[in-house]
Amino acid sequence: VKLEDGSVLKASSVVLATGHSARDVYEVLLRHKVMLEPKPIAVGVRVEHPQELINQIQYHSKTPDPYLPPASYKLVKQIDDRGVYSFCMCPGGFIVPATTDTHSIVVNGMSPSKRNGYYANSGIVVEIKNIDIPNIDKNPLAGIDYQDNLEKIAFQNGGIGQVAPAQGLIDFVNNKVSSEILDTSYFPGVVSSPMHFWLPDNIQNRLQKGFKSFGRIMKGYLTNEAIIVGVETRTSSPVRIFRDKEKLHSFPYKNLFPVGEGAGYAGGI
């Protein structure tokens, strides 16, 4: 293995255990003719509610027992032949920046161990199949380009630095520009943005239908007390590194063993 400083580290076997956002690793593998293939992904937004509201909905009470843990939820709906679902739901958590590029916006979520934050947030994402991604038959890294394009659009429609685009949940569903944005846990800040206008139609339409469906499943979920923040794109690897089914090595390098999220066989976070 050749290191960044030019030195060479010799080894009989190498375990490649990168995360799914190590885009430069995929580029290196492609240059060295390691067999790669594109794989389906999911992209969308983060939705944020007051945690107290989610507690009331899930525990079916305006005054839930204070000893109950912060409530979570899991939602999924098939819409226009694509899955729309909650991803990495974070009770009592925070929306956080997750970009790997200064000219992109990517958001994700986390919860502290006590889950005692004021807000609850979750990714709400749309299934993106290979057929939805341009040039995927010619470029195994086309899924990365697809993610990157959305992330740059979000940056262009956000504010300075990592200030993210946001919209009231009901405003988004009703194709309405938000005149003001509620407070949020996302610490770089947000700016009102017509996400219903600039998100691609195949994502925007399904998200709108998904939120309406989730509002019927969880009474009170579709509310003026919630906002969406964009974009959530790094749910899983858009690339899979070929492995031998039995010995798990790559092709054509039999001493290279891809594992973890970056190999494209694991799930999201």
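The paragraphs below walk through salt bridges, selected contacts, surface patches and backbone geometry in this predicted model.

Salt bridges offer a convenient place to begin. Side chains of opposite charge can pair when their charged atoms come close. In this model the count of such pairs comes to 10. One of them joins aspartate 148 to arginine 23, with 3.5 Å between the closest N and O atoms. Since aspartate 148 belongs to helix H3 (residues 142-156) and arginine 23 to helix H1 (residues 23-31), the pair ties together parts that are 125 residues apart in sequence. Arginine 23 counts as buried, because its relative accessibility is 14% and the buried class covers values under 20%.

Helix H3 takes part in another bridge through lysine 152, whose side chain meets that of aspartate 101 at 3.3 Å, N to O. Here the partner, aspartate 101, sits in the loop between E5 and strand E6 (107-110), so the bridge ties together parts that are 51 residues apart in sequence. The two residues of this pair are both partly exposed: lysine 152 has a relative accessibility of 28%, and aspartate 101 has one of 27%. These bridges do not stand in isolation, as Arg23, Asp101, Asp148, Glu151, Lys152 and Arg234 are linked in a network of salt bridges.

A further bridge connects arginine 82 with aspartate 132, and its closest N and O atoms are 2.9 Å apart. Arginine 82 lies in strand E5, while aspartate 132 lies in the loop between strand E7 (119-128) and H3, so this pair ties together parts that are 50 residues apart in sequence. Arginine 82 is buried, with a relative accessible area of 9%, whereas aspartate 132 is partly exposed at 24%.

Strand E5 (residues 82-97) also holds phenylalanine 94. With a relative accessible area of 33%, phenylalanine 94 is partly exposed. Once its neighbours within four places in sequence are set aside, the contacts of phenylalanine 94 are Asn108, Gly109, Met110, Pro112, Asn121 and Ser185. The C-alpha atoms of phenylalanine 94 and alanine 120 are 7.4 Å apart in space, although 26 residues separate the two in sequence.

Valine 231, in strand E10, presents another kind of environment. Its relative accessible area is 1%, so valine 231 is classed as buried. Apart from neighbours within four places in sequence, valine 231 is in contact with Gly44, Ile105, Val106, Val107, Leu150, Glu151, Ala154, Trp198 and Leu199. Glu151 in that list is also a member of the salt-bridge network described above. A separation of 4.8 Å lies between the C-alpha atoms of valine 231 and valine 45, which are 186 residues apart along the chain.

Valine 231 is notable for its backbone too. The peptide bond leading to valine 231 from glycine 230 is cis, with omega near -5°. A cis peptide bond likewise joins phenylalanine 251 and proline 252, where omega is about 5°. Proline 252 is placed in the loop between strand E11 (239-241) and strand E12 (256-258).

Positive phi angles add to the backbone picture. Histidine 60 is not a glycine, yet its phi is positive at about 55°. This histidine 60 is found in the loop between helix H2 (51-59) and strand E4 (76-79), and it counts as exposed at 73% relative accessibility. Aspartate 81, also not a glycine, has a positive phi of about 70°. The loop between E4 and E5 is where aspartate 81 is placed, and at 51% relative accessibility aspartate 81 counts as exposed.

The surface itself carries patches of charged and of nonpolar character. Lys77, Lys212, Arg216 and Lys219 gather in a patch of positive charge. Among them, lysine 219 occupies the loop between helix H6 (201-217) and strand E10 (227-232) and counts as exposed, at 63% relative accessibility. A nonpolar surface patch is formed by Val1, Leu3 and Leu9, which together have about 260 Å² of accessible area. Of these residues, leucine 9 is found in the segment before strand E1 (14-16).

How values were computed. Residues numbered from 1 in each chain as written. Predicted model: local features only at pLDDT ≥ 70, side-chain atom pairs only at ≥ 80, totals over all residues. Heavy atoms only, no water. Patch = residues over 30% accessible without salt bridge, like charges linked within 9 Å, V, L, I, M, F, W, Y side chains within 5 Å. Areas by Shrake-Rupley, 256 points an atom, 1.4 Å probe, with all protein chains shown as cover. Salt bridge = Lys/Arg side-chain N within 4 Å of Asp/Glu carboxyl O. Lys, Arg positive; Asp, Glu negative; His and termini not counted. Charge placed at Lys NZ, Arg CZ, Asp CG, Glu CD. Helix = DSSP H or I, 4+ residues; strand = E, 2+ residues; numbered from the N terminus. Buried < 20%, exposed > 50% of the residue type's maximum accessible area, 1.4 Å probe, protein only. Contact = heavy atoms within 4.5 Å.
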